[in-house]
Structures are given as structure tokens and as C-alpha cells.
Amino acid sequence: MTREAGTIRERIYKALVSHYTAQQEDALVKIDALLRGDVVPGHVTLTEDIDKLLGKVADAAEKMATLKRYYGMH
């Protein structure tokens, strides 16, 4: 198995972007499931759960934007 070419900085940057993208996608999939009703009946904290998940999406997006702003690969 060959390691991806690039400097350590480039590899760390790509890993972080992948991590933040995955966090966002995970939270969005869960929100979609909650909004479609693919949850346990009687789920009473729906809005709280969606609010927390949106916070995760926003947090990951903010981290990715900060990473790109200060350490983006040109």
C-alpha cells in the first residue's frame, strides 16, 4: 500500500477537511431522518436534537472555513 504523496502539512490539511466534511454529513443525515419521521415513535426532543445536530454542522463548517482561511493550500 502506497502512502498518498504530499507534505505532512498537506496530508494533515486533507485529513481535517475530510473529518469536518464527515461530521457535517453525519449530522445532516440524522436531521433528514428526524424530519422524515424515521425515528422511534414518541420522540419528544425532536427540536432539541435537530438544534444540537445543526450546531455540529455549523461547528464543523466554521472549523473548516478557519482551516482554509489560515492554512489553505494554494
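How much area does the protein chain expose, and what share of it do carbon and sulfur atoms supply? The protein chain exposes about 5900 Å², with 58% of that coming from carbon and sulfur atoms; accessible areas are from the Shrake-Rupley method with a 1.4 Å probe, and for residues only the protein chains shown count as cover.

A note before the views: this is a predicted model, where local features need pLDDT of at least 70, side-chain atom pairs count only at pLDDT 80 or more, and totals for chains, interfaces and linings use all residues. Residues are numbered from 1 along each chain as its sequence is written, and side-chain values use heavy atoms, with hydrogens and water left out.

**View 1. The whole chain: two helices and zero strands.** Helices here are DSSP runs (H or I, at least four residues), strands are E runs of at least two, and both are numbered from the N terminus. Of the 74 residues, 20% count as buried, meaning under 20% relative accessible area; exposed is over 50%, and partly exposed is in between (1.4 Å probe, protein chains only). Take the contacts (heavy atoms within 4.5 Å) between residues at least 6 apart in sequence: 65% of them join residues at least 24 apart.

**View 2. Helix α2 and its buried residues.** This helix covers residues 46-71. With 26 residues, α2 reaches 37 Å from first C-alpha to last, close to the 38 Å expected at 1.5 Å a residue; that expected span is 1.5 Å times one less than the number of residues. Which residues of α2 are buried? They are I50, L53, V57, A60, M64 and L67, and what covers them includes α1.

**View 3. D26 and K30 pair up in a salt bridge.** A salt bridge puts a side-chain nitrogen of Lys or Arg within 4 Å of a carboxyl oxygen of Asp or Glu, and a search of the whole structure turns up two. In this one, N and O sit 3.1 Å apart. Why can such side chains pair? Opposite charges can do so when their charged atoms come close. D26 and K30 are four residues apart in helix α1 (residues 8-36), so about one helical turn separates them. D26 is partly exposed at 40% relative accessibility, and K30 is partly exposed at 39%.

**View 4. K63 and D59 form a salt bridge in α2.** Here the closest N and O atoms are 3.4 Å apart. K63 and D59 lie four residues apart in the helix, so they are separated by about one helical turn. K63 is partly exposed at 38% relative accessibility, and D59 is partly exposed too, at 36%.
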